[in-house]
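Visitor: I'd like a close look at one strand and whatever surrounds it. Could you bring it up and walk me through it?

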Amino acid sequence: MKLKYGVVGTGALGGFYGGKLAKAGHDVHFLLRSDFEHVKEQGLKVDSVDGDFLLQPIACYNSAQDMPVCDVVLVCMKTTGNHLLPELLDPIIDEKSLVILVQNGLGIEERLAQEVPHASVAGGIAFICAHKVGPGHVSHLDLGRLILGLHTSTGNELLQQCQQDFEQAGVPAQLAENLGYIRWQKLVWNVPFNGLAVVLNTTTDQLMKQKETRELAHEMMHEVIFGAKNCGYDLDPDFADKMIRTTEKMTPYAPSMKLDFDNRRAMEIESIYTSPVQAARQAGFEMKKVAMLESQLRFIASQMEN
């Protein structure tokens, strides 16, 4: 079965994952905003540790109304724009479509399933170091693994085919039986490193070099692990040590929230901090350090708006 893919949000993640599928010969349609004219004329360029490539010609659009109905839609935009999804998805999905939220944070599949009840919904958790360096230009620095998990009771066959397509395209991809578990697992890394990079105006390698910040990140990781446990997801406490070791070996990196801050874009505070803090609190556990970091980020965000 050959699937028709749509990509909503052709930034670093959409450009890389959608680009890998298209490069491998899959039918992929990209929705763009400010980069549309550039990509239409010059293509989508991906500089990757796995090998550089250029997609030209490319099926790209500046309006969802012009796109075909797709079997699978990869939503790769930041969660700060998720309020736009019902309108963006309406022309490109039907009752047979699967929408995969390749995004960070918690609670996002639940909200979309309520807003778009006729489609199947899944989550995609990306373990990747990549960023957009210019119009239609993505830099992939490290990693790239993708974990896919179904949220709704429908869409399993499409998700399995999608996983196989990614593998065929050279993207390590696996299926998760428990999407919530994987979302909390990703937060173990996202919570300390995204927020601390903003508050301390630094990158992952510098956070690892300093004993105090390394220990603080480790402590926050354990808070997230205990928060997950109270919510019914039994993460291994040793996972924090594994993430510290992984970060030590990682190419020096500015996490996505730091890049948003540097470019004065809205930060994903709600999905990465507020939702898990509230979920843990409702389950009877207070993530004190994480909640403090959330407050600091909200203060910084308020200053950006002034």
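Visitor: Let's start with strand β9. How many bridges join strand β8 (residues 120–134) to β9, and do the two run parallel or antiparallel?

Guide: There are 12 bridges between β8 and β9, and the two strands run antiparallel. Before we go on, keep in mind that this is a predicted model, in which local features need pLDDT of at least 70, side-chain atom pairs count only at pLDDT 80 or more, and totals for chains, interfaces and linings use all residues. Residues are numbered from 1 along each chain as its sequence is written, and side-chain values use heavy atoms, with hydrogens and water left out.

Some quick ground rules on the naming. Helices (H or I, at least four residues) and strands (E, at least two) are DSSP runs, numbered from the N terminus. Two strands count as paired if DSSP finds at least two bridges between them.

Back to β8 and β9. One spot to click on is I125, whose bridge partner in β9 is I147. The hairpin of β8 and β9 has 2 residues between the strands, and there G136 takes a positive phi near 60°.

β9 has other partners too. Strand β3 (residues 44–48) is joined to β9 by 4 bridges, and this pair runs parallel. Look for K45, which stands opposite H137 in β9. Strand β10 (residues 173–176) also pairs with β9 in the parallel sense, over 4 bridges. Here L148 has L175 in β10 as its bridge partner.

What about cover? Strand β9 (residues 137–150) is mostly covered, with 10 of its 14 residues buried. Buried means under 20% relative accessible area, exposed over 50%, and partly exposed in between (1.4 Å probe, protein chains only). As a general reminder, side chains in a regular strand alternate between the two faces of the sheet.

Now out to the surface, where R145 joins K242, R245 and K249 in a positive patch. Patch members have over 30% relative accessible area and no salt bridge, with like charges joined within 9 Å and nonpolar side chains (Val, Leu, Ile, Met, Phe, Trp, Tyr) within 5 Å. Lys and Arg count as positive and Asp and Glu as negative, each charge being placed at NZ of Lys, CZ of Arg, CG of Asp or CD of Glu. Helix α9 (residues 239–249) gives the most to the positive patch, 3 residues. One of the α9 residues is K249, which is exposed at a relative accessible area of 72%. There is a negative patch as well, formed by D234, D236, D238 and D241, and D241 has its place in helix α9.

While you're on α9, look at M243 too: this residue sits in the helix but is buried, at 8% relative accessibility. M243 and H218 are 25 residues apart in sequence, and their C-alpha atoms are 8.9 Å apart.

Charges that meet their opposites are next. The structure holds 12 salt bridges, each a side-chain nitrogen of Lys or Arg within 4 Å of a carboxyl oxygen of Asp or Glu. One of them links E219 to K289, with the closest N and O atoms 3.9 Å apart. E219 lies in helix α8 (residues 211–230) and K289 in helix α12 (residues 288–305), so the pair ties together parts 70 residues apart in sequence. E219 is partly exposed, with a relative accessible area of 38%, and K289 is partly exposed at 35%.

Another salt bridge brings D262 and K258 together at 2.9 Å, N to O. These residues are 4 apart in helix α10 (residues 256–262), so about one helical turn separates them. D262 is partly exposed at 41%, whereas K258 is buried at 7%.

Then there's R265 with D260, whose closest N and O atoms are 2.9 Å apart. R265 is partly exposed at 40% relative accessibility, while D260 is buried at 2%. Shared partners join K78, D260 and R265 into one salt-bridge network.

Last stop: helix α12 also holds L293, buried at 0% relative accessibility. The C-alpha atoms of L293 and C162 are 36 Å apart, with their positions 131 residues apart along the chain.

Terms used:
Areas by Shrake-Rupley, 256 points an atom, 1.4 Å probe, with all protein chains shown as cover.
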